[in-house]
Amino acid sequence: MSAWASDLGVDHCEAGDDEGRITFLGDPAGDLTKKLDMEMVHPGPASVGIIGRCKRFAVYAVNGEVKYVAVSEADDDPAGDDDPSATLAPAVLDAILKIKDEL
């Protein structure tokens with residue numbers, strides 16, 4: 001995860017780093033993916049060797065409380081590759097602004 005963050009020019013992205021604004025987390029065994037019920041179980045990915053893949057999703061959490069969840073998927077596009085817009089920055093930022101307006 002550190003290499004990915006570095007490649008993107010993101011500093012202070014490790015869990016527990018209070019200077020950061022975003023945290024990069026890995027889930028190599030899929031434990032969090034399963035607990036969040038975000039494991040892609042569509043037969044398509046498994047048929048091409050992608051087993052235990054995580055759905056394309058975004059979570060906005062504040063102090064451990066989940067405020068917003070978005071998943072990009074459709075019956076004919078379980079990975080959300082054709083339309084990932086629900087989980088891209090513009091949609092998530094819009095959702096965060098709406099949540100903050102409601103407070």
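This report describes the fold, the surface and the salt bridges of a predicted model of one protein chain.

## Overall architecture

The chain has 103 residues, of which 21% count as buried. Its secondary structure comes to 4 helices and 2 strands, and these elements follow one another from the N terminus in the order α-α-α-β-β-α, with the two strands placed between helix 3 and helix 4. Taken along the principal axes, the box filled by the C-alpha atoms is roughly 40 × 35 × 25 Å.

Among the contacts between residues at least 6 apart in sequence, 26% join residues that are at least 24 apart. The chain exposes about 7600 Å² of surface, and carbon and sulfur atoms supply 52% of that area.

## The N-terminal region and F24

M1 is found in the segment before helix 1, which spans residues 2-8, and M1 counts as partly exposed because its relative accessibility is 41%. Together with W4 and L8, M1 makes a nonpolar surface patch of about 330 Å².

The three residues of this patch, M1, W4 and L8, are also among the contacts of F24, a residue that lies in the loop between helix 1 and helix 2, the latter spanning residues 31-35. Leaving aside neighbours within four places in sequence, F24 is in contact with A5, V10 and C13 as well. With a relative accessibility of 14%, F24 falls under the 20% limit and therefore counts as buried. As for its relation to the other end of the chain, the C-alpha atoms of F24 and L97, which are 73 residues apart along the chain, are separated by 22 Å.

## Backbone angles in two loops

Two residues other than glycine have a positive phi, namely H12, at about 55°, and D37, near 60°. H12 is found in the loop between helix 1 and helix 2, where its relative accessible area of 35% makes H12 partly exposed.

D37 lies further along, in the loop between helix 2 and helix 3, the latter covering residues 43-47. D37 has a relative accessible area of 61%, which is over the 50% limit, and so D37 counts as exposed.

## Charge distribution

The chain carries 9 positive and 21 negative charges, and the mean positions of the two sets are 4 Å apart. A negative surface patch is formed by D75, D76, D82 and D83.

Of these four aspartates, D83 is placed in the loop between strand 2, residues 65-72, and helix 4, residues 89-102. D83 is partly exposed, with a relative accessible area of 47%.

## Salt bridges

The structure holds 4 salt bridges, including three that are described here and that involve the loop between strand 2 and helix 4. In one of them R53 pairs with D81, the closest N and O atoms being 3.8 Å apart. Because R53 lies in the loop between helix 3 and strand 1 (residues 56-62) and D81 in the loop between strand 2 and helix 4, this pair ties together parts that are 28 residues apart in sequence. Both partners are partly exposed, R53 with a relative accessibility of 27% and D81 with a relative accessible area of 46%.

D81 also forms a salt bridge with R56, and here the closest N and O atoms are 2.3 Å apart. This pair likewise links distant parts of the chain, since D81 belongs to the loop between strand 2 and helix 4, R56 belongs to strand 1, and the two are 25 residues apart. R56 counts as partly exposed at 29% relative accessibility. Through shared partners, salt bridges join R53, R56 and D81 into one network.

A further salt bridge is formed by the side chains of K55 and E73, with an N to O distance of 3.6 Å. K55 lies in the loop between helix 3 and strand 1 and E73 in the loop between strand 2 and helix 4, so that this pair, 18 residues apart, links distant parts of the chain. E73 is partly exposed, with a relative accessible area of 43%.

Technical notes:
Residues numbered from 1 in each chain as written. Predicted model: local features only at pLDDT ≥ 70, side-chain atom pairs only at ≥ 80, totals over all residues. Heavy atoms only, no water. Buried < 20%, exposed > 50% of the residue type's maximum accessible area, 1.4 Å probe, protein only. Contact = heavy atoms within 4.5 Å. Areas by Shrake-Rupley, 256 points an atom, 1.4 Å probe, with all protein chains shown as cover. Lys, Arg positive; Asp, Glu negative; His and termini not counted. Charge placed at Lys NZ, Arg CZ, Asp CG, Glu CD. Patch = residues over 30% accessible without salt bridge, like charges linked within 9 Å, V, L, I, M, F, W, Y side chains within 5 Å.
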